[in-house]
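Student: Hi! Could you walk me through this structure? I'd like to start with the overall layout and then get into the packing.

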Amino acid sequence: MPIVIQLDVMLATRKVKSKDLAAAIGITEANLSLLKQGKVKGIRLATLEAICSYLQCQPADLLVYQPPSEVDQSPSA
């Protein structure tokens with residue numbers, strides 16, 4: 001997927017535990033873990049806003065676009 005979630009990097013930079021963030025923004029630790037691993041297909045803007053507010057960051061600090069490589073774009077047989 002070309003969108004990479006770098007929440008784990010921001011948590012480490014801010015020295016915040018996942019457990020504390022989950023409690024502060026009102027989501028389960030399991031859902032936060034899935035988000036950190038990039039195993040979600042979407043994120044509510046309200047959740048993104050809460051994360052950014054708590055971590056004092058911008059959405060661009062958490063979400064990075066990485067274009068697919070040419071290998072991924074080759075037509076299948």
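Tutor: Happy to. One term before we begin: contact means heavy atoms within 4.5 Å. Also keep in mind that this is a predicted model.

Student: Thanks. With that meaning of contact, what share of the contacts between residues at least 6 apart in sequence join residues at least 24 apart?

Tutor: In this protein the share is 68%.

Student: And how many helices and strands does the protein have?

Tutor: There are six helices and two strands. Going along the sequence, the pattern reads β-α-α-α-α-α-β-α.

Student: What percentage of the residues count as buried?

Tutor: Of the 77 residues, 21% count as buried.

Student: Let's talk about the core, then. Which residues have the most contacts inside the largest nonpolar core?

Tutor: Those are Leu7, Leu21, Ile51, Leu55 and Leu62, in a core of 15 residues. At least two residues of this core come from each of α1 (7–14), α2, α3 and α4 (45–55).

Student: Which helix gives the most to this core?

Tutor: That is α4, which supplies four residues. As general background, nonpolar side chains tend to be buried together in soluble globular proteins.

Student: Leu21 caught my eye. What is Leu21 in contact with, leaving aside its neighbours within four places in sequence?

Tutor: Leu21 is in contact with Leu7, Leu11, Val16, Leu32, Ile51, Tyr54 and Leu55.

Student: Nice. Now helix packing: how do the axes of α2 and α3 cross?

Tutor: The axes of α2 (residues 18–25) and α3 (residues 29–37) come within 9 Å, crossing at roughly 115°. The two helices are therefore roughly perpendicular to each other. As for handedness, α2 passes α3 in a right-handed crossing.

Student: Which residues make that contact?

Tutor: From α2 there are Ser18, Lys19, Leu21 and Ala22, and from α3 there are Glu29, Leu32 and Lys36. By type, the residues of this contact are three nonpolar, one polar and three charged.

Student: And α2 with α4: at what angle do their axes cross?

Tutor: They cross at roughly 120°, and the axes come within 10 Å. That makes α2 oblique to α4.

Student: Hm, why is α2 oblique to α4?

Tutor: It comes down to the cut-off: 65 to 115 degrees counts as roughly perpendicular. The α2 and α4 axes cross at roughly 120°, so α2 is oblique to α4.

Student: Is the crossing of α2 and α4 left-handed or right-handed?

Tutor: The crossing of α2 and α4 is right-handed. Here Asp20, Leu21, Ala24 and Ile25 in α2 meet Thr47, Ala50, Ile51, Tyr54 and Leu55 in α4. The residues of this contact divide into seven nonpolar, one polar and one charged.

Student: Switching to the backbone. What is phi for Lys15?

Tutor: Lys15 has a positive phi of about 55°, although it is not a glycine. In general, most residues other than glycine have a negative phi. Lys15 is in the loop between α1 and α2, and its 76% relative accessibility counts as exposed.

Student: What about phi of Gln56?

Tutor: Phi of Gln56 is also positive, near 55°, in a residue other than glycine. Gln56 is in the loop between α4 and α5 (59–62). With a relative accessibility of 62%, Gln56 counts as exposed.

Student: Last topic: pairs far apart in sequence. How far is Pro67 from Ile3 in space?

Tutor: Their C-alpha atoms are separated by 8.3 Å, with their positions 64 residues apart along the chain. Pro67 is in the loop between β2 (63–65) and α6 (70–73), and at 56% relative accessibility it counts as exposed.

Student: And where does Ser69 lie?

Tutor: Ser69 lies in the loop between β2 and α6. Ser69 and Pro2 are 67 residues apart in sequence, and 9.4 Å apart C-alpha to C-alpha. Ser69 counts as partly exposed, at 37% relative accessibility.

Student: One more: what is the C-alpha separation of Gly38 and Val4?

Tutor: It is 6.8 Å, for residues 34 apart along the chain. Gly38 is in the loop between α3 and α4, and at 37% relative accessibility Gly38 counts as partly exposed.

Note on methods:
Residues are numbered from 1 along each chain as its sequence is written. This is a predicted model: local features need pLDDT of at least 70, side-chain atom pairs count only at pLDDT 80 or more; totals for chains, interfaces and linings use all residues. Side-chain values use heavy atoms; hydrogens and water are left out. Axes are lines fitted to C-alpha atoms, for helices over the stretch in contact, and angles run from 0 to 180 degrees between N-to-C directions. Angles under 35 degrees count as roughly parallel, over 145 as roughly antiparallel, 65 to 115 as roughly perpendicular and the rest as oblique. A crossing is left-handed if the near helix is turned anticlockwise from the far one by less than a right angle, and right-handed if clockwise. Ala, Val, Leu, Ile, Met, Phe, Trp, Tyr, Cys and Pro count as nonpolar, Asp, Glu, Lys and Arg as charged, and the others, Gly among them, as polar. A nonpolar core is a set of buried Ala, Val, Leu, Ile, Met, Phe, Trp, Tyr and Cys residues joined through side-chain atoms within 4.5 Å. Buried means under 20% relative accessible area, exposed over 50%, partly exposed in between (1.4 Å probe, protein chains only).
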